[in-house]
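Dear colleague,

I am passing on to you the structure shown below. My notes on what was found in it follow directly after it.

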Amino acid sequence: MNETNLPRRDLVIAAGGLGLTALAGANLAFAQPAKAGEGGAILKSLKASVGANREYVLPPLPYAPNALEPHIDAETMTLHHDKHHAAYVKGANDALGKLAEIRAGKVDAGQVTDWSEKLAFNVSGHILHAFFWANLGPKSGEPTGELAKDLAADFGSVEAFKTHFSAAAAQVQGNGWAILAWEPISSRLIVLQVRNHQINAAWSSVPILVLDVWEHAYYLKYRNVRADYVKAFWNVVNWHAVGEWYETMKGHTSQVK
Ligand code: MN
């Protein structure tokens, strides 16, 4: 991408960090950077995931580790954030560093495939976790506004969306995520079922609501019964944050079409 076409850093974080770099630079040039106050808790968490020198950093949990109890327990939240998420941050930075060493001739170029895979896995894991913490919250409610309207338009109803999303989450083979995503080329909401952090992703799609169904996300409390964890998840979705993010993201990308 020609750097002179890059919009302000805010939008790079908002869009580029979530897959829109797959689009040509020209497609991003129309978009306007987020204004102060737009994007809400999710954009705040994403911004806190990148440091001053563009290194990846662990963002703080936006609430106390016990804030989601009894649905998600404090011990799980602490381990998940402090250990698992932190490992993806380190893995992403390590991969970037190793690829730079390969370019510099310090590491054998035959390792490009291995480190490229690690880059995709760890960057995706890092960003999805930063997103996940902020789309959760101690209070739930229901979708409102533009998001509620579009969920009904694209899935039939909010309940039909939840049924689809829950099934995708419950049926991930092994570790992965259910992701409600905005697909800006067709101006459509879709549900993705992702294995690990990056397999079965769809280019151009921007996460709107994500659910981690790796065993580390639920096994202490729910053991092998993932379906109960998925059911409990709906009690701790921060629909206010999700709606704010959705309206901002849709507003910045809807002109792609
Ligand atoms: Mn996780």
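I begin with a small detail: S187 is partly exposed, its relative accessible area being 30%. This serine sits in the loop between β1 and β2, and its phi is positive, at about 50°, although the residue is not a glycine. Please bear in mind throughout that this is a predicted model.

A second residue deserves mention alongside S187. S204, which is likewise not a glycine, has a positive phi near 85°. S204 belongs to the loop between β2 and β3 and is buried, with a relative accessible area of 5%.

Overall architecture

The protein contains 10 helices and 3 strands. Read from the N terminus, the order of elements is α-α-α-α-α-α-α-β-β-β-α-α-α. Of its 257 residues, 47% count as buried. Among contacts with a separation of 6 or more, 69% are between residues 24 or more positions apart. The accessible surface amounts to about 12,200 Å², and carbon and sulfur atoms contribute 52% of it.

The sheet

The 3 strands make up an open sheet with the order β2-β1-β3 and antiparallel pairing. Strands β2 (188-195) and β3 (206-212) stand at the edges with a single partner strand each, so one side of each has no neighbour in the sheet. On average, neighbouring strands are turned by 20° against each other, direction ignored. As background, the strands of a sheet pair through backbone hydrogen bonds, in either a parallel or an antiparallel manner.

The pairing can be followed in more detail from β1 (residues 176-183), which is joined to β3 by 6 bridges and to β2 by 8 bridges. On the β2 side, L180 has V191 as its bridge partner. On the β3 side, the bridge partner of I179 is V210, and A181 stands opposite P207. The strands β1 and β2 form a hairpin with 4 residues between them, and S187, discussed above, is in the turn.

How far is β1 enclosed by the rest of the structure? Because 8 of its 8 residues are buried, β1 is largely enclosed. Its side chains point two ways: G176, A178, L180 and W182 are directed one way, W177, I179, A181 and E183 the other way, and all are buried.

Helix α6 (residues 145-155) lies across β1, β2 and β3 and runs at about 80° to β2. A153 is located in this helix. With a relative accessibility of 60%, A153 counts as exposed, because the cut-off for that class is over 50%. The C-alpha atom of A153 is separated by 9.3 Å from that of R188, the two residues being 35 residues apart along the chain.

The manganese site

Which residues serve as protein donors of the manganese ion? They are H80 (NE2), H129 (NE2), D212 (OD) and H216 (NE2), at 1.9 to 2.1 Å from the ion. Their spacing in sequence is H-x48-H-x82-D-x3-H. D212 falls within the range of β3 (206-212), and this aspartate is buried, with a relative accessible area of 0%. H216 has a relative accessible area of 18% and is therefore also classed as buried, since the limit is under 20%.

Further local features

Two other places may be worth inspecting in the model.

- The peptide bond joining E69 and P70 is cis, with omega at about 5°. P70 lies in the loop between α3 (40-47) and α4 (74-103).
- T253 is found in helix α10 (residues 239-253) and is buried, with a relative accessible area of 3%. The side chain of T253 reaches the backbone oxygen of M249 at 2.8 Å.

In going through the model, you may wish to take the sheet and its edge strands β2 and β3 together with the manganese donors H80, H129, D212 and H216.

With kind regards

Note on methods: Residues numbered from 1 in each chain as written. Predicted model: local features only at pLDDT ≥ 70, side-chain atom pairs only at ≥ 80, totals over all residues. Heavy atoms only, no water. Donors = N, O, S within 2.8 Å, 3.2 Å for Na, K, Ca; no water. Buried < 20%, exposed > 50% of the residue type's maximum accessible area, 1.4 Å probe, protein only. Helix = DSSP H or I, 4+ residues; strand = E, 2+ residues; numbered from the N terminus. Polar contact = N/O pair within 3.5 Å; in protein donor to acceptor, adjacent residues only side chain to side chain. Pairing = 2+ DSSP bridges. Axes fitted to C-alpha atoms, helices over the stretch in contact; angles between N-to-C directions. Contact = heavy atoms within 4.5 Å. Areas by Shrake-Rupley, 256 points an atom, 1.4 Å probe, with all protein chains shown as cover.
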